Every structure is written in C-alpha cells, then in structure tokens.
Amino acid sequence: MEQVRVAVHATDPLSRAGVGDYLRHRAEVTLLDDGRQDEADVLLVVADRLTTDVVAVLRRNAAGSGAPTVLIANEISQTELITAVDCRVVAIQPRAAVTTDRLVDSLVAARDGGGVMPPNLVGELLKHIERLQRDVLTPHGLTASGLNAREIDVLRLMAEGLDTNEIASRLCYSERTVKNVIYGFTHRLKLRNRSHAVAYALRAGMI
C-alpha cells in the first residue's frame, strides 16, 4: 500500500505529540517534518475549536497546496462546518472519539478523494445544501451543478453529437440563442470548446 504523506498542524505541543504517537508506527502513514507541508497528500489539523487562527491555516492550505484536510476538533458549529468544508476539510473526527484506526482510515480516505464525518455533521451539510438549493439556486433557475435547465438541455444534445442547427430545431430555439447559451456556460466554466464542455459535464455528472 502506498503510504499517505501527512503534514500535522496542532494548536498545542501536547496535541502534536499525541498525534505523532498515534501515527508514527503505522505503516500506512508517513509523517512529514515541519516545512514540508507542500509535499503532503493530506493535512491533519488538531484543534479544540475552529478559531480565526485555525481557519487561516485551513485557508492557506486550500489556496496553496490544496491538499485535503482531516480535522480533529472538540466541537464544531454549523457555521464552522460550512467554513471548514469551504477550506477543503473532507474528514472531521470528534476529539473524544478518535482512535488510531479511525484516524488512519480518515487519512487514507482523504488521500483517495473520500470523506469521513459523523452522522450529525452529514445531516447538517445536507440541510445546508437543501437551503442553498431553495434560497439561492432555484430562485435563479440554477441547479446544484451551477447550470440552468436550458444549459443542461443544450449540453445533453451536444453530447449526442448534434450541431447548433439541430439543437436549435430540437429545442425550438433560434441558432443565435443556442450559440449564446453555449458561449455562456463555456465562458463561465472556463471551458476551451464544445468537446471540453461535454467531457467536463460528463465527469461532473451534470448530464
């Protein structure tokens, strides 16, 4: 098994030492020395609360190496949860419930593109997504993908190989409207051309 390279940020020396004891002898993990955070597959942050300083660390990591983050914390509010997820936190472990196996599983899952969260936090995230859909996306005619229904229709027909004229005929739009729709989402999503747009939409599960 390929080892997970882990950089650790702890708000106090005791927490850092404790995490080191948990992970030092696990074959799945390589602990990186200070100053090597850019080499990390995963950032592990240990904190009592999501203070301003801790959030700053998360934001620097997200803007820098972009490595996914595993967070160990005593407690986290709904607002802090959303902030954490915005900062690439993909796994959260309550401090009192952490075991070596759970921590290693979280680190491996984060490295492999997964996430691990307690059920109550998953519930909070789902409620947030529901509110976002209801209060922000739906009033503007958007879906969770950031595309509106018309853009998704055009993308689906593009994926079927139809040209602009055929798409316009199928959807009862003018060719100019179809071109404007295509320009709109390719420009907004920074896509190079139609083929790139279709590939992007398929990978993202939009169509």
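Strand β3, helix α2 (residues 52–63) and strand β4 together make a right-handed β-α-β unit, where right-handed means that, with the strands pointing away from the viewer, the path from the first strand over the helix to the second runs clockwise. A second crossover follows, in which the chain passes from β4 through helix α3 (residues 78–86) to β5, and this β-α-β crossover is right-handed as well. The helices named here are DSSP runs of H or I with at least four residues, and the strands are DSSP runs of E with at least two, numbered from the N terminus.

This is a predicted model, in which local features need pLDDT of at least 70 and side-chain atom pairs count only at pLDDT 80 or more, while totals for chains, interfaces and linings use all residues. Residues are numbered from 1 along each chain as its sequence is written, and side-chain values use heavy atoms, with hydrogens and water left out.

## The sheet

Five strands form an open sheet in the order β2-β1-β3-β4-β5, with parallel pairing; two strands are taken to pair if DSSP finds at least two bridges between them. At the edges stand β2 (29–31) and β5, each with a single partner strand, so one side of each is left without a neighbour in the sheet. From one strand to the next the twist averages 25°, an angle between axes that are lines fitted to C-alpha atoms (for helices over the stretch in contact), taken between N-to-C directions on a scale from 0 to 180 degrees.

The pairings along the inner part of the sheet can be set out with bridge partners from each.

| Strand pair | Bridges | Bridge partners |
|---|---|---|
| β1 (residues 4–10) and β3 | five, parallel | V6 with V42, H9 with V45 |
| β3 (residues 42–47) and β4 | five, parallel | L43 with T69, A47 with A73 |
| β4 and β5 (residues 89–94) | five, parallel | A73 with P94 |

Residue A73 of β4 thus appears in two of these pairings, as the partner of A47 and as the partner of P94 in β5.

## Burial of the strands and helix α3

In a regular strand the side chains alternate between the two faces of the sheet. Strand β3 is mostly covered, six of its six residues being buried, where buried means under 20% relative accessible area, exposed means over 50%, and partly exposed lies in between (1.4 Å probe, protein chains only). Both of its faces are covered, with V42, L44 and V46 on one side and L43, V45 and A47 on the other. In strand β4 (residues 69–73), five of the five residues are buried, so this strand is largely enclosed by the rest of the structure. Here T69, L71 and A73 point one way, whereas V70 and I72 point the other way.

Helix α3 contributes buried residues too, namely E80, L81, I82 and A84. Just ahead of β3, D41 is found in the loop between β2 and β3, and D41 is buried, with a relative accessible area of 17%.

## The largest pocket

A pocket is defined on a 1 Å grid over the protein atoms alone, as an open set of points with protein on both sides within 12 Å along at least five of seven lines, and its lining residues have an atom within 4 Å of a point. The largest pocket holds about 150 Å³ of space, and S15, G18, V19, Y22, V46, I72, R95, V98 and L103 line it. Helix α1 (residues 13–23) gives the largest share of this lining, four residues. By class, the lining has six nonpolar, two polar and one charged residues.

## Positive phi outside glycine

Most residues other than glycine have a negative phi. R88, which follows α3, has a positive phi near 75°. C172, in the loop between α7 (164–171) and α8 (175–188), has a positive phi of about 60° although it is not a glycine, and C172 is exposed, with a relative accessible area of 71%. K190 likewise has a positive phi, of about 55°; K190 lies in the loop between α8 and α9 (194–203) and counts as exposed at 72% relative accessibility.

Terms used
On a 1 Å grid over the protein atoms alone, a cavity is a set of points where a 1.4 Å probe fits but cannot get out, and a pocket is an open set with protein on both sides within 12 Å along at least five of seven lines; lining residues have an atom within 4 Å of a point. Grid points are joined across faces, edges and corners, and a volume is the space filled by probe spheres set on the points. Ala, Val, Leu, Ile, Met, Phe, Trp, Tyr, Cys and Pro count as nonpolar, Asp, Glu, Lys and Arg as charged, and the others, Gly among them, as polar.
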